[in-house]
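Hi,

Here's the structure I promised to pass on. Have a look at it first, and then read my notes below.

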Amino acid sequence: MAEENVPQASGQKEPQPKTLMIIICLFLGCYGIHRLMMGYEKWWLQLITLGGCGFWAIYDFIMIITDKMPMADGTPLKKE
(Lines give C-alpha, C1' and ligand atoms only; values in the text may rest on other atoms or scores of the structure.)
Protein backbone atom coordinates (compact mmCIF):
# COMPACT_ATOMS: atom_id res chain seq x y z
CA MET A 1 0.00 0.00 0.00
CA ALA A 2 1.43 3.38 -1.01
CA GLU A 3 1.89 6.15 1.54
CA GLU A 4 -0.08 8.64 -0.53
CA ASN A 5 -3.23 6.51 -0.16
CA VAL A 6 -3.19 6.70 3.64
CA PRO A 7 -5.83 9.14 4.84
CA GLN A 8 -4.60 11.93 7.11
CA ALA A 9 -6.14 12.62 10.49
CA SER A 10 -8.40 15.63 10.66
CA GLY A 11 -6.55 18.90 11.25
CA GLN A 12 -3.29 17.66 9.71
CA LYS A 13 -1.89 19.27 6.63
CA GLU A 14 0.07 17.55 3.90
CA PRO A 15 3.82 18.21 4.23
CA GLN A 16 4.87 21.19 2.15
CA PRO A 17 7.91 21.18 -0.17
CA LYS A 18 10.98 22.65 1.54
CA THR A 19 11.93 24.78 -1.49
CA LEU A 20 8.49 26.37 -1.61
CA MET A 21 8.59 27.17 2.11
CA ILE A 22 12.03 28.78 1.73
CA ILE A 23 10.78 31.00 -1.10
CA ILE A 24 7.57 31.96 0.71
CA CYS A 25 9.44 32.66 3.94
CA LEU A 26 11.94 34.82 2.05
CA PHE A 27 9.32 37.00 0.36
CA LEU A 28 6.30 36.79 2.71
CA GLY A 29 7.95 35.80 5.98
CA CYS A 30 7.03 39.01 7.76
CA TYR A 31 3.35 38.14 7.23
CA GLY A 32 3.62 34.59 8.59
CA ILE A 33 2.23 32.97 5.43
CA HIS A 34 4.76 30.13 5.63
CA ARG A 35 3.58 29.29 9.17
CA LEU A 36 -0.05 29.31 8.00
CA MET A 37 0.81 26.87 5.20
CA MET A 38 2.73 24.66 7.62
CA GLY A 39 -0.27 24.35 9.96
CA TYR A 40 0.88 26.48 12.90
CA GLU A 41 -2.03 27.94 14.87
CA LYS A 42 -0.59 31.27 15.99
CA TRP A 43 0.74 32.43 12.63
CA TRP A 44 -1.26 35.64 12.97
CA LEU A 45 1.17 36.85 15.67
CA GLN A 46 3.77 37.20 12.94
CA LEU A 47 1.25 39.07 10.84
CA ILE A 48 0.43 41.71 13.45
CA THR A 49 4.09 42.21 14.48
CA LEU A 50 5.38 42.06 10.89
CA GLY A 51 7.51 39.07 11.70
CA GLY A 52 8.82 40.56 14.94
CA CYS A 53 10.18 43.51 12.93
CA GLY A 54 11.79 40.98 10.59
CA PHE A 55 13.81 39.07 13.19
CA TRP A 56 11.24 36.29 13.64
CA ALA A 57 10.98 35.85 9.87
CA ILE A 58 14.80 35.63 9.52
CA TYR A 59 14.90 33.07 12.35
CA ASP A 60 12.21 30.94 10.63
CA PHE A 61 14.07 31.26 7.31
CA ILE A 62 17.26 29.88 8.88
CA MET A 63 15.34 27.12 10.69
CA ILE A 64 13.65 25.98 7.45
CA ILE A 65 16.96 25.93 5.55
CA THR A 66 18.66 23.86 8.27
CA ASP A 67 15.70 21.39 8.51
CA LYS A 68 14.95 22.34 12.11
CA MET A 69 11.41 23.64 11.50
CA PRO A 70 8.98 20.80 10.69
CA MET A 71 5.28 21.02 9.95
CA ALA A 72 3.11 21.88 12.98
CA ASP A 73 2.33 18.19 13.56
CA GLY A 74 6.04 17.30 13.58
CA THR A 75 6.36 15.76 10.13
CA PRO A 76 9.38 17.00 8.18
CA LEU A 77 9.04 19.13 5.06
CA LYS A 78 9.15 17.33 1.69
CA LYS A 79 12.55 17.35 0.03
CA GLU A 80 12.06 17.57 -3.70
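What share of the contacts in the chain with a separation of 6 or more is accounted for by residues 24 or more positions apart? Such residues account for 55% of them, where contact means heavy atoms within 4.5 Å.

Some housekeeping before the rest. This is a predicted model, so local features need pLDDT of at least 70 and side-chain atom pairs count only at pLDDT 80 or more, while totals for chains, interfaces and linings use all residues. Residues are numbered from 1 along each chain as its sequence is written, and side-chain values use heavy atoms, with hydrogens and water left out.

Now the overall layout. The chain has five helices and zero strands, and from the N terminus its elements read α-α-α-α-α. Both kinds of element are DSSP runs numbered from the N terminus: helices are H or I with at least four residues, strands are E with at least two. Of the 80 residues in the chain, 25% are buried. Buried means under 20% relative accessible area, exposed means over 50%, and partly exposed is in between (1.4 Å probe, protein chains only).

Next, a helix pair to look at. Helix 1 (residues 18–28) packs against helix 5 (residues 55–65) at an angle of about 165°, and their axes are 9 Å apart. Axes here are lines fitted to C-alpha atoms, for helices over the stretch in contact, and angles run from 0 to 180 degrees between N-to-C directions. That makes the two helices roughly antiparallel, a label for angles over 145 degrees (under 35 is roughly parallel, 65 to 115 roughly perpendicular, the rest oblique). On the helix 1 side, the contact is made by Lys18, Met21, Ile22, Cys25 and Leu26; helix 5 brings in Ala57, Asp60, Phe61, Ile64 and Ile65.

One of those contact residues, Cys25, is worth a second look. Cys25 counts as buried because its relative accessibility is 3%, whereas Cys53 is exposed at 70%. The disulfide count is zero, with a disulfide taken as a pair of cysteine sulfur atoms within 2.5 Å. For Cys25, the nearest cysteine sulfur is that of Cys30, 9.6 Å away.

Finally, try Gln16, in the segment before helix 1. Gln16 is buried, with a relative accessible area of 17%. Leaving aside neighbours within four places in sequence, Gln16 is in contact with Met21, Met37, Met71, Leu77 and Lys78. Met21 also belongs to the helix 1 side of the contact with helix 5.

Cheers
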